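Visitor: Could you take me on a close look at the aromatic side chains in this structure? I would like to hear about the rings themselves and then about the parts around them.

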Amino acid sequence: MELKLGLVCVILLFPVLCNAQGFFTKSRASYYGTPDGFGNKRGACGFGDYGRMVNGGSVSAVSAKLWKNGAGCGACYQVRCKIPQLCDVNGAYVVVTDYGEGYRTDFIMSPRGFSKLGRNPAASDKLKKYGVLDVEYKRVPCTFKGYNIMFQINEHSSNPGYFAIAVLYVGGTYDVTAVELWQNRKWEPLRRSYGGVFDFANPPRGEIRLRFQVSTNAGLKWVVPKVPIPSNWKAGATYTANFDCRVRVPGRYWALKEGKTYQEGTGLKLEFKGTRLCGKVKDVRQVLDEDQNLLEGKGCQTGTGLKLEFKDVGLGPDFAGR
């Protein structure tokens, strides 16, 4: 069961939103064994079966610095190894579902995830024989479920005595750092029980209204679903809260929506020739959000005089058209 809730967030756009997500960090990667190659449903994020199957089973446990005491659960990473004759140039795209690390090793991947490092099945088999590989990685926007927050009422919840949720997915490169519940005319914090699971003893009867604290490059922001969780909530129910983001620019307000996704920013050339995109665009940073995603102006001219040129850029799976 999955329900959709509206979600409003307000982001303050500062002059510098470009981040270091385009740079790779050196590390090492290994893998763990499972009977079917998928992930471990008992992973420390508390995702259950979702954590086993998400992203086609290409998942990973990560080290403490990427785990972030559970705030790193659900994050997406591009990991690629460094043996030219064996390693795929794009590497593997994995989702964090567990905690685990070894000596100088930030990723312990599912068999399916680790196999994506190879150029082909034969190369992947050879890579597995190494056991541990030198790799480089970077965080990339999660886009496979859109730009929203998806959470599930934990299996141990019991209406009305105990309420817990697992934050399964956050679009982009955002982390949920806290969750609060409206009770007695004030916001009460949920406890991070473990991983991506937050709980609250003795929740209010009736509808439950939550808000999520999300970390961005511009700081911490609270996002609030427009529609509360219904009073007849049950364990296992999944809710999707869609982002309706507005970008505030000093001296001017623009209504923008998240654009199509591409994976690399270094090879993108933007040329503006007298076009007005929600006002006159003078700087690339006015049309790229902090995740390097192209922003499309809502109710504005989106094509006239605007030239987009991609040079050796890996386009994301959701990119189409403009």
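Guide: Gladly; here is a walk through the aromatic rings, followed by the strands, the pocket and the loops around them. Please keep in mind that this is a predicted model.

Let us start with the overall tally. Searching the whole structure turns up eleven aromatic pairs. One of them is made by Tyr31 and Phe114, whose ring centres are 4.7 Å apart and whose planes meet at 45°, a tilted arrangement. Because Tyr31 belongs to strand S2 (residues 25-31) and Phe114 to helix H3 (residues 111-115), this pair ties together parts that are 83 residues apart in sequence. The two partners can also be described by their accessibility. Tyr31 has 29% relative accessibility and so counts as partly exposed, whereas Phe114 has 0% and therefore counts as buried.

A further tilted pair is that of Phe151 and Phe212, with 5.3 Å from centre to centre and 45° between the planes. Here strand S8 (residues 148-153) holds Phe151 and strand S14 (residues 210-216) holds Phe212, so the contact ties together parts that are 61 residues apart in sequence. Phe151 and Phe212 are both buried.

Rings can also gather in groups: Tyr77, Phe107 and Tyr137 make up one aromatic cluster. Other rings have a charged neighbour. Arg80 lies over the face of Phe24, 3.7 Å from the centre of the ring. In a similar way, the charged end of Arg52 sits over the ring of Phe38, at 5.4 Å from its centre.

Now for the strands. Strand S2, the home of Tyr31, takes part in a closed barrel of six strands, which runs S2-S6-S3-S5-S4-S7 and has mixed pairing. From one strand to the next, the twist averages 45°. Within this barrel you can follow the pairing of strand S3 (residues 59-62) with strand S6 (residues 107-109), which is antiparallel and covers three bridges. Ala61, for example, has Ile108 in S6 as its bridge partner.

Strand S8, where we met Phe151, leads us on to a pocket. Along with helix H1 (49-53), S8 supplies at least two residues of the lining of the second largest pocket. The space in this second largest pocket comes to about 290 Å³. Its lining consists of 16 residues, and those nearest the centre are Gly46, Phe47, Gly48, Asp49 and Glu155.

If you leave S8 towards strand S9 (162-170), you enter the loop that contains Pro160. The peptide bond joining Asn159 and Pro160 is cis, with omega at about 5°. On the other side of our pocket story, the loop between H1 and S3 is the place of Asn55. This residue is not a glycine, yet the phi of Asn55 is positive, near 60°. With 31% relative accessibility, Asn55 counts as partly exposed.

One more aromatic residue deserves a stop, and that is Tyr194 in strand S12. Its relative accessibility is 37%, so Tyr194 counts as partly exposed. Along the chain Tyr194 and Asn69 are 125 residues apart, and their C-alpha atoms are separated by 8.1 Å.

What does the strand of Tyr194 pair with? Strand S12 (residues 191-194) runs antiparallel to strand S13 (residues 197-201), and three bridges join them. Arg191 stands opposite Asp199 in S13. Two residues lie between the strands of this hairpin, where Gly195 takes a positive phi near 50°.

Going on from S13 towards S14, the loop between these strands contains Asn202. Although Asn202 is not a glycine, its phi is positive at about 55°. Asn202 has a relative accessible area of 59%, so it is exposed. That brings us back to S14, the strand that holds Phe212, and to the tilted pair Phe212 forms with Phe151.

Terms used:
Residues are numbered from 1 along each chain as its sequence is written. This is a predicted model: local features need pLDDT of at least 70, side-chain atom pairs count only at pLDDT 80 or more; totals for chains, interfaces and linings use all residues. Side-chain values use heavy atoms; hydrogens and water are left out. Rings of Phe, Tyr and Trp (its six-membered ring) pair if their centres lie within 6.5 Å; planes under 30 degrees apart count as stacked, over 60 as edge-to-face and the rest as tilted. Helices (H or I, at least four residues) and strands (E, at least two) are DSSP runs, numbered from the N terminus. Buried means under 20% relative accessible area, exposed over 50%, partly exposed in between (1.4 Å probe, protein chains only). A charge sits over a ring if NZ of Lys or CZ of Arg is within 6 Å of the ring centre and within 35 degrees of the ring normal. Two strands pair if DSSP finds at least two bridges between them. Axes are lines fitted to C-alpha atoms, for helices over the stretch in contact, and angles run from 0 to 180 degrees between N-to-C directions. On a 1 Å grid over the protein atoms alone, a cavity is a set of points where a 1.4 Å probe fits but cannot get out, and a pocket is an open set with protein on both sides within 12 Å along at least five of seven lines; lining residues have an atom within 4 Å of a point. Grid points are joined across faces, edges and corners, and a volume is the space filled by probe spheres set on the points.
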